[in-house]
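Please read the following account alongside the sequence and the coordinates. It proceeds from backbone details to the arrangement of strands and helices.

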Amino acid sequence: MPSVSVDEAIRRVTVEGWCVLDSVIPPAEVAGVREAVLEVSRREADADKPRIGIGGLIAKTQAFAPYVAEERLLGVAHARLGRPVRISMTHGIVTAPGYGRANWHGDWPFSLRQDQKVLHPYPVDAPMHITTLWALTEFNAATGGTAIVPGSHRFGNNPSGDNGYCEHTPAPSELQPHMEPGDVLMIDSRVWHTNGDNVSDRTRVGMAVRYAPWWFNVHVLTAGLSQYERTMAERGERGDDVMPITPEQYGALPDAAKPLLRHVVIGQKVRVA
Ligand SMILES: O=C(O)CCC(=O)C(=O)O
């Protein structure tokens with residue numbers, strides 16, 4: 001039985017900017033999801049890499065799809081972002097023992113070293129994106145679990161926007177929530193966060209799934225769409241944050257997940273009249 005209710009989760013994400021939802025993936029089912037993510041990471045990347053980031057995860061495994069529309073996740077997303085919401089990005093994260101802490105940042109469009117971003121200080125105080133970080137192994141201070149600065153969604157800027165705080169120095173008020181496999185950390189994407197140091201002897205496995213309101217423009221991130229193709233050609237790189245899924249992959253998704261991912265199906269027929 002989950003111990004955090006929908007209402008409590010909404011209150012915490014609204015006021016404190018974060019909340020841990022326990023057992024979004026039931027304990028008996030976590031190993032299957034973890035193995036699916038590890039299988040993709042073995043296919044995609046050199047096992048010796050200290051951090052393997054897997055962009056467009058939903059196009060590579062759908063093992064986590066049964067959980068993305070969980071009542072509390074959608075309850076908070078709807079309360080903060082309105083309806084309908086969409087899943088903007090899905091990433092696998094695998095960090096090896098010894099992998100060090102990265103930099104404080106907010107997530108796009110609050111990752112302020114990117115070209116496309118919200119101006120800072122932010123011109124409006126509004127939730128625009130929600131990041132969820134899924135523990136598939138234990139997340140804690142030893143394994144390099146996500147560090148956050150509670151309340152920082154209301155600070156109007158973050159260290160990647162040169163706000164006077166060092167991006168690489170621990171913040172006095174930070175905390176690293178302890179999460180069991182299957183738990184999910186839900187944050188307003190403006191919350192300052194980073195991975196911690198993995199000082200354990202265990203590989204940390206997780207996922208990031210982000211939720212966006214209906215008006216949020218993911219075209220610039222979606223491989224195959226003209227806005228993405230033009231931008232990436234100018235930059236000479238191809239980001240893999242959002243990868244399209246096939247109609248077959250879409251058809252096999254659980255019904256509750258379909259509305260969240262409809263926008264990334266390729267080969268959709270367009271009716272012009
Ligand atoms: O690895 C983590 O715990 C944090 C990942 C992160 O910062 C992100 O996905 O934006």
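P109 is located in the loop between β3 and β4. In this predicted model, the peptide bond joining W108 to P109 is cis, with omega about 10°. A cis peptide bond also joins R83 and P84, where omega is about -10°; P84 belongs to the loop between α3 and β3. These bonds merit attention because most peptide bonds are trans, just as most residues other than glycine have a negative phi. With regard to phi, S23 is a residue other than glycine with a positive value, near 50°. The position of S23 is in the loop between β1 and α2, the latter comprising residues 27–44.

The loop between β3 and β4 also contributes to the aromatic pairs, of which the structure holds five. One of the pairs is formed by F110 and Y122, with 4.9 Å from centre to centre and 65° between the planes, an edge-to-face arrangement. Both F110 and Y122 lie in the loop between β3 and β4 (130–135), so their pairing ties together parts that are twelve residues apart in sequence.

The strands may be considered next. Six strands form an open sheet in the order β1-β6-β4-β8-β3-β2, and their pairing is antiparallel. At the edges are β1 (18–21) and β2 (51–54), each of which pairs on one side only. On average, and with direction ignored, neighbouring strands of this sheet are turned by 20° against each other. At the β2 edge, β2 pairs with β3 (residues 85–95) in the antiparallel sense over four bridges. As regards individual residues, I52 has V94 of β3 as its bridge partner.

At the other edge strand, β1, the sheet meets a helix: α1 lies across β1 and β6 (184–188) and runs at about 150° to β1.

How, then, is α1 placed relative to α3? Two packed helices are described by the angle between their axes and the distance between the axes. For α1 (residues 6–15) and α3 (residues 71–81), the axes come within 9 Å and cross at roughly 45°. The two helices α1 and α3 are therefore oblique to each other, and their crossing is right-handed. On the α1 side, the contact is made by V6, A9, I10, V13 and T14, and on the α3 side by E71, R72, G75, V76, A79 and R80. Classified by residue type, the contact of α1 with α3 comprises six nonpolar, two polar and three charged residues.

Taken together, α1 is in contact with α3 through the residues named above and also lies across β1 and β6, while β2 forms the other edge of the sheet.

Methods:
Residues are numbered from 1 along each chain as its sequence is written. This is a predicted model: local features need pLDDT of at least 70, side-chain atom pairs count only at pLDDT 80 or more; totals for chains, interfaces and linings use all residues. Side-chain values use heavy atoms; hydrogens and water are left out. Axes are lines fitted to C-alpha atoms, for helices over the stretch in contact, and angles run from 0 to 180 degrees between N-to-C directions. Angles under 35 degrees count as roughly parallel, over 145 as roughly antiparallel, 65 to 115 as roughly perpendicular and the rest as oblique. A crossing is left-handed if the near helix is turned anticlockwise from the far one by less than a right angle, and right-handed if clockwise. Contact means heavy atoms within 4.5 Å. Ala, Val, Leu, Ile, Met, Phe, Trp, Tyr, Cys and Pro count as nonpolar, Asp, Glu, Lys and Arg as charged, and the others, Gly among them, as polar. Two strands pair if DSSP finds at least two bridges between them. Rings of Phe, Tyr and Trp (its six-membered ring) pair if their centres lie within 6.5 Å; planes under 30 degrees apart count as stacked, over 60 as edge-to-face and the rest as tilted.
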